[in-house]
Amino acid sequence: MKNFVLLLCLWLLLPVTIVRANWQRSITNYTRHEYKAANQNWMIGQHENGWMYFANNKGLLEFDGVTWNTYSIHNAKTRAVKHGNDGRIYVGGLGQFGYFIPNKYGGLDYTCLSDSLETKRSTGNIWQIHILDDRVYFQADVAVYYLENDVLNKGECPGGVAFSAIVNNKFYITSLSGISFLNGDSFTLVPNTAQSTQSKTVGMYPFGDKLLIISSLNGMYLYDGVEMTRFHSKADSFLNNNQLFCSAMKDSLLALGSVQDGALLLNIKSGEIEKISIKNGLQNKSVLSMLFDRENNLWLGLDNGIDCIHLNLPMFSLLSNKSAIGSG
């Protein structure tokens with residue numbers, strides 16, 4: 001009799017488990033018609049007051065939770081945004097970079113830094129902005145510009161720059177030659193790292209005493225300071241079938257943004273994965289940028305729109321955002 005009751009309980013729980021896997025997280029979709037700017041959003045930042053900022057094709061996009069505002073950077077498409085400790089909002093775009101500061105009317109005023117360069121036309125696209133100590137780094141296609149004490153300098157990168165990141169207070173860049181780190185005012189190549197950079201790098205994070213490197217087409221790697229090894233997980237199938245464009249990591253949760261099929265969440269410690277795409281909440285399946293905010297929401301800058309995944313909300317929807325046929 002006891003065995004029968006146990007089997008009955010397991011049988012009753014089975015359909016609940018199957019249905020639960022199809023439930024949808026709470027996701028807020030913001031269309032371009034709602035924020036009234038261009039469709040593509042390339043990088044995301046959050047101010048210390050909680051306001052969100054997006055590097056939009058039309059300019060710097062600001063969201064205070066209710067109202068959207070757009071600020072142009074001399075009519076250039078914006079690609080990068082970063083908030084400084086000095087109250088400035090640093091931005092970069094096609095052929096130029098600079099910063100915004102609040103004015104007395106509640107808006108933002110733009111100051112262009114790249115105008116001071118002798119060869120403004122060769123600035124290239126600014127894809128990432130980083131702040132380390134008293135320096136602000138602007139990563140372009142072929143060089144890294146850095147602002148220190150309001151003096152602008154240029155770091156030459158003969159092999160070009162595909163990606164940049166700050167890990168454990170070191171500034172890294174990647175190219176086909178491998179991974180390099182900033183040593184003084186020049187870059188030093190890290191040995192035995194070229195294997196991981198043959199496709200574009202989309203993420204670099206600390207992993208214990210190692211580096212976790214995420215490539216666009218070739219999966220994930222771990223570097224221990226001597227050799228590079230593959231990092232395998234339950235995300236391998238997703239990585240093999242998709243081209244990654246961006247990533248974000250907070251604590252043990254790694255988010256991977258793809259061009260073809262939305263985002264994948266991977267818990268590095270438990271190994272659990274969860275895919276979120278147009279079938280369960282996203283309005284567009286091409287993810288261009290990602291950011292975990294202070295409330296542990298995951299913001300996605302899409303090829304067409306902006307989505308916010310509320311990871312901490314305990315409520316899930318039984319039906320997706322697609323119309324369901326039949327009654328509940």
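## A tour of a sheet and some aromatic rings

Start by selecting β15 together with strand β16, residues 170-175: the two pair in the antiparallel sense over five bridges. Keep in mind as you look around that this is a predicted model. For one spot in this pairing, click on Ala165, whose bridge partner in β16 is Tyr172.

**The whole sheet**

Now widen the selection to β15, β16, β17 and β18. Taken in the order β15-β16-β17-β18, these four strands make an open sheet with antiparallel pairing. Which strands stand at the edges? They are β15 (163-167) and β18 (186-189); each has a single partner strand, so one side of each is left without a neighbour in the sheet. Rotate the view and compare the strand directions: neighbouring strands of this sheet are turned by 35° against each other on average, direction ignored.

**Pairs of rings**

Next, show the aromatic side chains. How many aromatic pairs are there? The count comes to 20. A pair of aromatic rings is described by the distance of the centres and the angle of the planes.

Select Phe100 and Tyr110 to see a tilted pair, with 5.0 Å from centre to centre and 40° between the planes. Phe100 belongs to strand β9 (residues 97-102) and Tyr110 to strand β10 (residues 108-112), so this pair ties together parts that are 10 residues apart in sequence. Are these two rings' residues buried or exposed? Phe100 is buried, with a relative accessible area of 1%, and Tyr110 is buried too, at 18%. Residues count as buried under 20%, which is why Tyr110 qualifies at 18%.

Go back to the four-stranded sheet for another stop, Phe171 and Phe187. This aromatic pair is also tilted, at 6.1 Å centre to centre and 50° between the planes. Phe171 is in strand β16 and Phe187 in strand β18, 16 residues apart, and the pair links these distant parts of the chain. Phe171 counts as buried, at 3% relative accessibility.

**A cluster of rings**

Which residues should you select to see one aromatic cluster? Pick Tyr30, Tyr35, Phe54, Phe63, Trp68 and Trp299, which form it together.

**Charges over rings**

Two arginines finish the tour. Select Arg88 with Tyr99: the charged end of Arg88 sits over the ring of Tyr99, 3.9 Å from the ring's centre. Then move to Arg135 and Tyr146, where the charged end of Arg135 sits over the ring of Tyr146, 4.1 Å from its centre.

Definitions and conventions:
Residues numbered from 1 in each chain as written. Predicted model: local features only at pLDDT ≥ 70, side-chain atom pairs only at ≥ 80, totals over all residues. Heavy atoms only, no water. Pairing = 2+ DSSP bridges. Axes fitted to C-alpha atoms, helices over the stretch in contact; angles between N-to-C directions. Phe/Tyr/Trp six-rings, centres within 6.5 Å; stacked < 30°, edge-to-face > 60°. Buried < 20%, exposed > 50% of the residue type's maximum accessible area, 1.4 Å probe, protein only. Lys NZ or Arg CZ within 6 Å of the ring centre and 35° of its normal.
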